[in-house]
Amino acid sequence: MTPYTGLIDRYRRRLPISDAVRIISLCEGNTPLIRLQNIPEVIERDVKVYVKYEGLNPTGSFKDRGMTVAVTKAVEEGSRAVICASTGNTSASAAAYAARAGIAAFVLIPEGKIALGKLAQAMMAGAVVLQIRGNFDAGMRLVKEVAARAPVTIVNSINPYRLQGQKTAAFEIIEALGRAPDFHCIPVGNAGNITAHWMGYQEYARDGVAKTLPRMCGYQASGAAPFLRGHAVDDPETVATAIRIGHPQSWDQAWQVNKESQGWFDELSDEEILASQKLLAEREGIFCEPASAASVGGALRDLASAKIPAGSVVVCTLTGHGLKDPDIAIRQSSARRVNVDATLAAVERAIMDNMT
Ligand code: AN7
């Protein structure tokens, strides 16, 4: 068996990458598709719900799929530096792939508003971290402006190579299921990922690999839900900092996905997002970051209302790993922490007292 060497090698003929080029890869992709089996809302209904655990990519998020292609192309084109604005995951991924390539990374992040794990990743990989007094949308505006003047390649999802890489998640899902799902539920911030998945599903349908297309269901945090409001939001706010975005970069594309796939957008409160994150961890042992849980929270609600009907095959994307944001996890966990003396008697007592 040949070892897995990353998604460019795996899907090269479906990507804009020629044979001679130097591939910048960390063996991203090939993530597990896990069927949920314990959550009551799922087992009570005749549905198959799977989660695509993108948190198991090399830097812990789906961004790596796009970054391997974007950085490979940047290096091929002779770029010596990449730049991005980020709510955290893009900066972690850009920093890692730039390190791998031996080029510089500049990342603009909203000061104090990104999960600590993501900041740690960008810093460890040696990126220049520019903490701006402003949100993601302000950072994105600045990145576009500065890239017109300085020799830096933008690796946000407005870079078309990003979406090319990210479409491979849809390929993997079809290969794992032997068919396309009926519904694909996914968190939406800039709406790059929902757009990329739809590209992948369409490509496999066009080439006859799958016979059907899923309906694409995009979920936003209520405080950062421009697709629900019908217009950009200037002061987005949510506990799910990854999707604290008010001016989505793929606005038109996402509306087209919505229309073509006959899907929908919906919103979840911060409380619903955190409850879904916890449910997934407690019932299934799967730890994702808050933004990711919006997909499962949305799917469960739409199952309960039969908007997603019985008999359906559903895939929810878990975009990022729970370890990205340990602060929120510990704050909302209801697990008992029991302090005891380091004696057999004390430990035994604690076990008997806490047996459920
Ligand atoms: C965990 O890192 O935009 O709708 O700058 O980190 O494709 O934007 C992150 C986005 C969902 C939304 N879940 O995806 C960034 C950034 C997680 C994320 C999204 C993000 P898009």
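**Contacts, cores and strands**

User: Which residues does Glu-260 touch, not counting residues up to four places away in sequence?

Analyst: This is a predicted model: local features need pLDDT of at least 70, side-chain atom pairs count only at pLDDT 80 or more, and totals for chains, interfaces and linings use all residues. Residues are numbered from 1 along each chain as its sequence is written, while side-chain values use heavy atoms and leave out hydrogens and water. Touching, or contact, means heavy atoms within 4.5 Å. With those sequence neighbours set aside, Glu-260 touches Trp-198 and Gln-202.

User: Why does Glu-260 count as partly exposed?

Analyst: Glu-260 sits in helix α11, residues 251-260; helices (H or I, at least four residues) and strands (E, at least two) are DSSP runs numbered from the N terminus. Buried means under 20% relative accessible area, exposed over 50%, and partly exposed in between, with a 1.4 Å probe and protein chains only. Glu-260 counts as partly exposed because its relative accessibility is 38%.

User: How far apart in space are Glu-260 and Leu-116, C-alpha to C-alpha?

Analyst: In sequence, these two are 144 residues apart. In space, C-alpha to C-alpha, the distance from Glu-260 to Leu-116 is 38 Å.

User: Which element gives the most to the largest nonpolar core?

Analyst: A nonpolar core is a set of buried Ala, Val, Leu, Ile, Met, Phe, Trp, Tyr and Cys residues joined through side-chain atoms within 4.5 Å. The largest one has 32 residues, and Val-314 is one of those touching the most other members. Elements giving two or more residues to this core include β2 (48-53), α12 (270-284) and β10 (313-318). With seven residues, the element that gives the most is α13.

User: What does Val-314 contact, leaving aside neighbours within four places in sequence?

Analyst: In soluble globular proteins, nonpolar side chains tend to be buried together. Here, the contacts of Val-314 are Lys-48, Val-49, Tyr-50, Phe-183, Cys-185, Ala-299 and Ile-308.

User: Which strands are the edge strands of the open sheet?

Analyst: Two strands pair if DSSP finds at least two bridges between them. This sheet has four strands in the order β5-β4-β3-β6, with parallel pairing. Two strands each pair on one side only, so look at the edges: β5 (128-132) and β6 (153-154).

User: Which residue in β6 is the bridge partner of Val-82?

Analyst: Strand β3, residues 81-85, runs parallel to β6, and two bridges join them. In β6, the partner of Val-82 is Thr-153.
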